Amino acid sequence: MDRLDREILGILQQDARISYRDLGVRVGLSANATADRVRRMRRDGVIRGFTVIVDPAADTRGGLVVFIDLSLRQDTTNEEFEERVVTLPGITEVVHVTGEYDYLVRARAADPAALDALLRRLKREAGVAQSSTRIALKGAHGPAGRARPDPKDTA
C-alpha cells in the first residue's frame, strides 16, 4: 500500500458512495486507475466491505444497543471464543482489545430480559468469566455518519 492507497482509503471511510471519477479527482488519478486501486484493495483484503451507519434514533428495530466488555475464562482460547460468540443472536460486532478486558462486543437486545439471556449465554457457551455492560443512549454523528471530531483535535 502506498500514499495514494492510504488517501483513497481515508476518503472512502468518509464517503464510501463517492464515484470513482470524483475519488480520482481528489487523489489526482483517472476514474479507471482509481477503480483499479479500489478493486485491488478489495481483492487483497485491505477493504473488507462497505457498510451503512444507521442513526440509532431512526432504527425501526427498536430494543437496546449494548456494549459489553468481556474477560475470558482461563480455559477459553481467543479462537474458541470468537468461533462461539459470532453464532449468538444479537451480536453485531466483536473486537479484541487491549486493557482490562479481552473483548468489546456490540449487541442488540429486544429488552432487558433478552440482554440477561444473552449475558448468561456468553458465560455458559462462549467461555466468558466476567462482563461489564453499557447501554447506548444515543449516537452523535457528523457528515457521512462519522463521529464528530473532538474540538481540541481540530486546532
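**Exercise 1. Which residue stands opposite His96 in E3? Place the pair in its sheet.**

Step 1. His96 stands opposite Tyr103 in E3. The model is predicted: local features need pLDDT of at least 70, side-chain atom pairs count only at pLDDT 80 or more, and totals for chains, interfaces and linings use all residues. Residues are numbered from 1 along each chain as its sequence is written, and side-chain values use heavy atoms, with hydrogens and water left out.

Step 2. Take the two strands. E2 and strand E3 (residues 103-109) run antiparallel and are joined by 5 bridges. Strands pair if DSSP finds at least two bridges between them. Strands (E, at least two residues) and helices (H or I, at least four) are DSSP runs, numbered from the N terminus. Ile91 stands opposite Ala107 in E3.

Step 3. Look at the turn. The hairpin of E2 and E3 has 6 residues between the strands, and Gly99 there takes a positive phi near 110 degrees.

Step 4. Widen to the sheet. Its 4 strands follow the order E2-E3-E1-E4, open and with antiparallel pairing. Strand E2 (91-96) and strand E4 (128-135) each have a single partner strand, so one side of each is left without a neighbour in the sheet. From one strand to the next, the twist averages 20 degrees.

Step 5. Add the helix. Helix H5 (residues 112-125) lies across strand E1 (64-72), E2, E3 and E4, at about 20 degrees to E1. Axes are lines fitted to C-alpha atoms, for helices over the stretch in contact, and angles run from 0 to 180 degrees between N-to-C directions.

**Exercise 2. How many aromatic pairs does a search of the whole structure find? Describe the geometry.**

Step 1. The search of the whole structure finds 1 aromatic pair. Rings of Phe, Tyr and Trp (its six-membered ring) pair if their centres lie within 6.5 Å.

Step 2. Phe81 and Tyr103 have ring centres 4.5 Å apart and planes at 45 degrees, so the pair is tilted. Planes under 30 degrees apart count as stacked, over 60 as edge-to-face and the rest as tilted.

Step 3. Locate the partners. Phe81 is in helix H4 (residues 78-85) and Tyr103 is in strand E3, 22 residues apart, so the pair links distant parts of the chain.

**Exercise 3. At what angles do H1, H2 and H3 cross? Classify each crossing.**

Step 1. Set the classes. Angles under 35 degrees count as roughly parallel, over 145 as roughly antiparallel, 65 to 115 as roughly perpendicular and the rest as oblique. Contact means heavy atoms within 4.5 Å.

Step 2. Take H1 with H2. The axes of helix H1 (residues 3-14) and helix H2 (residues 20-27) come within 10 Å and cross at roughly 130 degrees. H1 and H2 are therefore oblique to each other. In H1, Leu4, Glu7, Ile8, Ile11, Leu12 and Gln14 meet Leu23, Arg26 and Val27 in H2.

Step 3. Take H1 with H3. H1 packs against helix H3 (residues 31-43) at about 85 degrees, with the axes 11 Å apart. That makes H1 roughly perpendicular to H3. Leu4, Asp5, Ile8, Leu9 and Leu12 in H1 meet Thr34, Arg37, Val38, Arg40 and Met41 in H3.

Step 4. Take H2 with H3. Their axes come within 8 Å and cross at roughly 95 degrees. H2 and H3 are therefore roughly perpendicular to each other. Tyr20, Arg21, Leu23, Gly24 and Val27 of H2 touch Ala31, Thr34, Ala35 and Val38 of H3.
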